[in-house]
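Explain how this chain is put together, going through its domains, strands, loops and helices in turn.

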Amino acid sequence: MAVIQQLPASVVNKIAAGEVIERPASVVKELMENALDAGATRLDVAVEQGGLELIRVVDDGCGIAADELPLAVTSHATSKLRSADDLFHVSTLGFRGEALASIAEVSRLMLRSRQSEQSAGAELEVVGGQLGPVSPCGCAVGTTIEVRQLFYNTPVRRRFLRSAQTEMGHVTEAFTRLALAHPRVHFTLRHNQRPLYELAPAEAGLARIAHFFGREVADELIWLESRDGEVRLSGFVGHPNQSRPNARMQYLFLNGRSIRDRSLAHALSEAYRGLLLTGRYPLAFLYLHMPPDLVDVNVHPTKLEVRFQDGGRIYSQLLGTLRTKFLTTDLTHRLSPAGADTAHDPSGAHDPARAEQMRGEL
Ligand SMILES: Nc1ncnc2c1ncn2[C@@H]1O[C@H](COP(=O)(O)OP(=O)(O)OP(=O)(O)O)[C@@H](O)[C@H]1O
Ligand SMILES: [Mg+2]
């Protein structure tokens, strides 16, 4: 047996990076979450070659003080957590103090930031985990982070990446999830200088859903809302005739975070039992809001999975809300495009030609 040794920080950071940063989409998610935690009202994401060459996220959030820039890219350094106690009521998207250090370890990163009370900004370059000096720069209030040549120093990870087009698909999905979770924030996404999305702040989540998936999809969704104690559930589910062959259009958000939860996915399929053929999945855009101490978000490095204090009760709430909704909703009338009410439908959702035209307008 070889002797036991403490690993150098750079190795520790590379191991951590392996957990959190799997592909360009992971970088986009982490940078967007930081911007949202910073209170940004506008967030611009630009990507080149599916994120393999460049990922740039610009926000108008609170910014970082010049003397704290090196700390921002240091592992286990965070402004969002002070004590172990805080772990049990996390109200921000980030809390591990790991993301920027992980990204900086496996890329060429440029961090530029300015707080509103400062007359100028400051910038810091980090190449493969090596910090350069902090130098003054002119920039708007907020933060800009550029990540170039992701995994340039971890060739094995780089070889696992797919084509720019496939990686861009994952980037778009990460962007979509956060944009759906935060409809009041202005988001843009560009790929290779081409605008893909320009999402003005929306009062209601439905406008965002329409932007991503088309007005004809949004118009058929069924709205629901319920409250059980401090847990509020709201959102939209699909009409049975909108079902899909996979569960990719099932979105679940918890306190502004997109999560995956097998139990709640099961509640959803239970609610549709008898309404859908086997192998078909309903659409869902469900938003859960609850006090942070009712859920443990510290169970998964990318925070995709969480642990509810009382998962059984949330399962019942979702299933019960859907069942009640379906009992009081006429699910048959919309199945027939020639239904009597479609003539008055101004959205054109039941008129394929009009729907096609609207898709083109989106
Ligand atoms: N866009 C930003 N605007 C303002 N501050 C930021 C921004 N991005 C990062 N920071 C600061 O840098 C710190 C480190 O960010 P990092 O993403 O590494 O960790 P975190 O968000 O605290 O936790 P996690 O690892 O869970 O994401 C943050 O706690 C925050 O103070
Ligand atoms: Mg973070």
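With a relative accessibility of 38%, Gln 49 is partly exposed, because that class covers values from 20% to 50%. The model discussed here is a predicted one. Gln 49 sits in the loop that links strand E1 (42–48) with strand E2 (54–59). Its phi is near 50 degrees, which is positive although the residue is not a glycine. Most residues other than glycine have a negative phi.

The two strands on either side of this loop form a hairpin, and five residues lie between them. E1 and E2 run antiparallel and are joined by six bridges. Within this pair, Glu 48 stands opposite Leu 54 in E2. E1 also has a partner in E8, to which six bridges join it, and here the two strands run parallel. In that pairing Asp 44 stands opposite Thr 188 in E8.

The loop between E1 and E2 also holds Gly 51. Is Gly 51 buried or exposed? At 1% relative accessibility it counts as buried, because the limit for buried is under 20%. Setting aside residues up to four places away in sequence, Gly 51 touches Pro 24 and Leu 150. Another residue that can be related to Gly 51 is Arg 158, which is 107 residues away in sequence; the C-alpha atoms of the two are 12 Å apart in space.

A second loop with a positive phi follows strand E8 (186–191) and leads to strand E9 (194–199). The residue in question is Asn 192, with a phi of about 45 degrees although it is not a glycine. Asn 192 is partly exposed, its relative accessible area being 33%.

The next step is the division into domains. The domain assignment of the protein gives domain 1 as residues 9–199 and domain 2 as residues 214–333. The centres of domain 1 and domain 2, taken over C-alpha atoms, are separated by 29 Å. To the contact between them, domain 1 gives 21 residues and domain 2 gives 15 residues.

Two helices come next. Two packed helices are described by the angle between their axes and the distance between the axes. For helix H6 (residues 164–181) and helix H7 (residues 205–213), the angle is about 160 degrees and the axes are 9 Å apart. H6 is therefore roughly antiparallel to H7, a term that applies to angles over 145 degrees. Where they meet, H6 contributes Phe 175, Thr 176, Ala 179 and Leu 180, while H7 contributes Arg 208, Ile 209, Phe 212 and Phe 213. Six of the residues in this contact are nonpolar, one is polar and one is charged.

Thr 176, in helix H6, can be followed further. What is the relative accessible area of Thr 176? The value is 4%, so Thr 176 is buried. Apart from its neighbours within four places in sequence, Thr 176 is in contact with Phe 212, Phe 213 and Tyr 251.

Strands E10 to E14 can now be taken together. Five strands form an open sheet with mixed pairing, in the order E10-E11-E14-E12-E13. E10 and strand E13 (257–258) stand at the edges and have a single partner strand each, so one side of each is left without a neighbour in the sheet.

At one of these edges, strand E10 (residues 222–228) runs antiparallel to E11 and is joined to it by seven bridges. Ser 226 stands opposite Leu 233 in E11. The hairpin of E10 and E11 has two residues between the strands, and Gly 229 in this hairpin takes a positive phi near 60 degrees. Elsewhere in the sheet, E12 and strand E14 (residues 284–289) pair in the parallel sense over five bridges. Leu 252 has Leu 286 in E14 as its bridge partner.

Last comes the loop between strand E11 (231–237) and strand E12 (250–254), where Ser 243 is found. Ser 243 is buried, with a relative accessible area of 13%. Which residues does Ser 243 contact, leaving aside its neighbours within four places in sequence? They are Leu 276, Arg 280 and Tyr 281. Tyr 281 is 38 residues from Ser 243 in sequence, and the distance between the two in space is 5.2 Å, C-alpha to C-alpha.

Note on methods: Residues numbered from 1 in each chain as written. Chains lettered and ligands numbered in written order. Predicted model: local features only at pLDDT ≥ 70, side-chain atom pairs only at ≥ 80, totals over all residues. Heavy atoms only, no water. Axes fitted to C-alpha atoms, helices over the stretch in contact; angles between N-to-C directions. Helix = DSSP H or I, 4+ residues; strand = E, 2+ residues; numbered from the N terminus. Parallel < 35°, antiparallel > 145°, perpendicular 65-115°, else oblique. Contact = heavy atoms within 4.5 Å. Nonpolar A, V, L, I, M, F, W, Y, C, P; charged D, E, K, R; others polar. Buried < 20%, exposed > 50% of the residue type's maximum accessible area, 1.4 Å probe, protein only. Pairing = 2+ DSSP bridges. Domains from an automatic or database assignment.
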